[in-house]
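I opened this entry to keep a record of what I looked up in the model, feature by feature. I begin with the sheet, then turn to the core, the rings and a helix.

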Amino acid sequence: MPSADKAKWAQLRVGLMAIVALVILGYLIFLLSGSHGLFKGKSTIYTFMDDSAAISDGAPVTVNGIAVGRIVHVGLSGSRERRRIVKVDMEIENDFMPSIPIDSQAAITAQNLLGTKFINIKKGQSPIAVKNGAELKAKELTTIDDFVEQGNTTLSALQDIVTKAGGIVDQVEAGKGTIGKLLVDETLYNRVLAIADEAQKLTATLNSDKGTIGKLLHDERLYDDVRGSIQDVRGSITRINTMIDSLEQGQGTAGKFLKDPALYDDARKTIGDVRQMLADINAGKGTVGKLLKSEELHNQIQATIGRMDTMLDKINSGQGTIGQLMVNPALYESLDGTTRELQGLLKDFRSNPKKFLHIKIGLF
């Protein structure tokens with residue numbers, strides 16, 4: 001009997017030790033899973049995404065890199081709406097719930113390309129914190145699949161470019177196009193060589209003192225002439241600067257006009273008098289003003305001109321003495337004859353005045 005009791009007690013101790021070992025193992029596993037406590041309160045929040053990116057249940061949930069919970073379920077939401085295909089339920093410890101604003105965004109991330117994926121919540125700015133059962137907006141990020149797809153697109157574009165470049169090289173090797181002819185056409189090659197020879201000859205000519213350009217480059221007298229011209233230009237500039245300095249100092253007539261206040265005041269007064277005179281003329285004052293503005297004087301001048309036109313018309317038509325004199329030949333000839341007789345009479349008088357003068361003395 002004692003041996004049987006000892007066997008049972010040994011079995012009981014083994015069982016207790018196994019239970020204790022299992023409890024310790026479970027606790028260690030729980031600690032390794034990233035949980036912060038066994039009996040802390042927890043809340044559930046969720047988010048919707050287009051793709052789960054192969055994230056699994058139990059993956060950590062962080063807020064700006066700080067672990068605050070884990071994912072409890074990832075599955076299809078049943079919705080066809082964009083960015084709401086996959087639903088992710090997250091279990092967050094209640095101690096961290098006040099630190100998660102309601103406008104925070106959840107995104108799938110990883111420590112590196114090959115690391116375990118998890119949910120990272122980027123804190124928002126709202127003063128209102130999330131509650132149990134609340135929904136967080138998901139932030140759309142570029143995944144490795146997107147990089148692969150972009151890489152495939154880039155490789156396809158590069159392949160097209162390489163294919164086109166290969167076609168261009170084939171055409172060049174076949175002597176097609178300008179570049180191809182330049183590479184394979186001996187005639188064009190010989191022309192290029194001839195042009196190079198001519199360019200070399202031209203360079204040699206320029207380096208020598210022959211020709212117009214060569215003399216221009218090597219003739220010292222021409223250099224001296226150009227240098228003298230430059231000095232003349234510099235002298236002219238110096239004189240201009242001197243003249244400007246004189247003007248600034250008030251020397252000469254122009255300088256005094258620029259610097260002398262009395263001359264400026266006289267010019268200003270003269271301009272004012274001219275303006276006043278023009279204003280008086282425009283107002284019809286004075287002889288010139290009346291001549292320009294008086295309607296009565298204008299009418300008198302117009303009437304005088306009309307009478308002169310009438311008188312000229314009468315003269316042209318032969319009316320009056322002057323008109324007869326201009327258009328009547330008989331009157332002109334009579335006047336001409338009278339003039340001639342008068343000239344003869346004066347001539348006789350000068351030659352023999354006694355003939356015309358009789359002095360009679362009588363005595364009473």
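For the sheet I took two strands as paired if DSSP finds at least two bridges between them. The model is a predicted one, and in it I found a closed barrel of seven strands with mixed pairing, in the order β1-β4-β3-β2-β6-β5-β7. From one strand to the next, the twist averages 35°.

I then went through some of the pairings. Strand β2, residues 60-63, runs parallel to strand β6, residues 117-122, and three bridges join them; T62 has N120 in β6 as its bridge partner. On the next pairing I noted that β5 and β6 run antiparallel and are joined by six bridges, whereas β5 and β7 pair in the parallel sense over two bridges. I looked up A106 for both of its neighbours, and it stands opposite I121 in β6 and opposite A138 in β7.

Which residues have the most contacts inside the largest nonpolar core? That core has 24 residues, and I listed I45, V61, I71, M90, I92, I119 and I121 as those with the most contacts inside it. The elements that give it two or more residues are β1 (42-49), β2, β3 (66-76), β4 (86-93), β5 (105-110), β6 and β7 (135-138), and the largest share, four residues, comes from β4. I121, which I had already met opposite A106, is thus also among the residues with the most contacts in this core.

Next I looked for aromatic pairs and found that the structure holds one. Y46 and F48 form it edge-to-face, with 5.6 Å centre to centre and 85° between the planes. Is F48 buried or exposed? F48 counts as buried because its relative accessibility is 12%, under the 20% cut-off, while Y46 is partly exposed because its relative accessible area of 21% falls between 20% and 50%. Each ring also has a charge over it in my notes: R84 lies over the face of F48, at 3.9 Å from the ring centre, and the charged end of K87 sits over the ring of Y46, 4.6 Å from its centre.

Last, I checked the length of helix α10, residues 295-316. Its 22 residues should span 32 Å at 1.5 Å a residue, and the end C-alpha atoms are 31 Å apart, so the two values agree. Just after α10, I noted that G318 takes a positive phi of about 90°.

Note on methods: Residues numbered from 1 in each chain as written. Predicted model: local features only at pLDDT ≥ 70, side-chain atom pairs only at ≥ 80, totals over all residues. Heavy atoms only, no water. Axes fitted to C-alpha atoms, helices over the stretch in contact; angles between N-to-C directions. Expected span 1.5 Å × (residues − 1). Phe/Tyr/Trp six-rings, centres within 6.5 Å; stacked < 30°, edge-to-face > 60°. Buried < 20%, exposed > 50% of the residue type's maximum accessible area, 1.4 Å probe, protein only. Lys NZ or Arg CZ within 6 Å of the ring centre and 35° of its normal. Core = buried A, V, L, I, M, F, W, Y, C linked by side-chain atoms within 4.5 Å.
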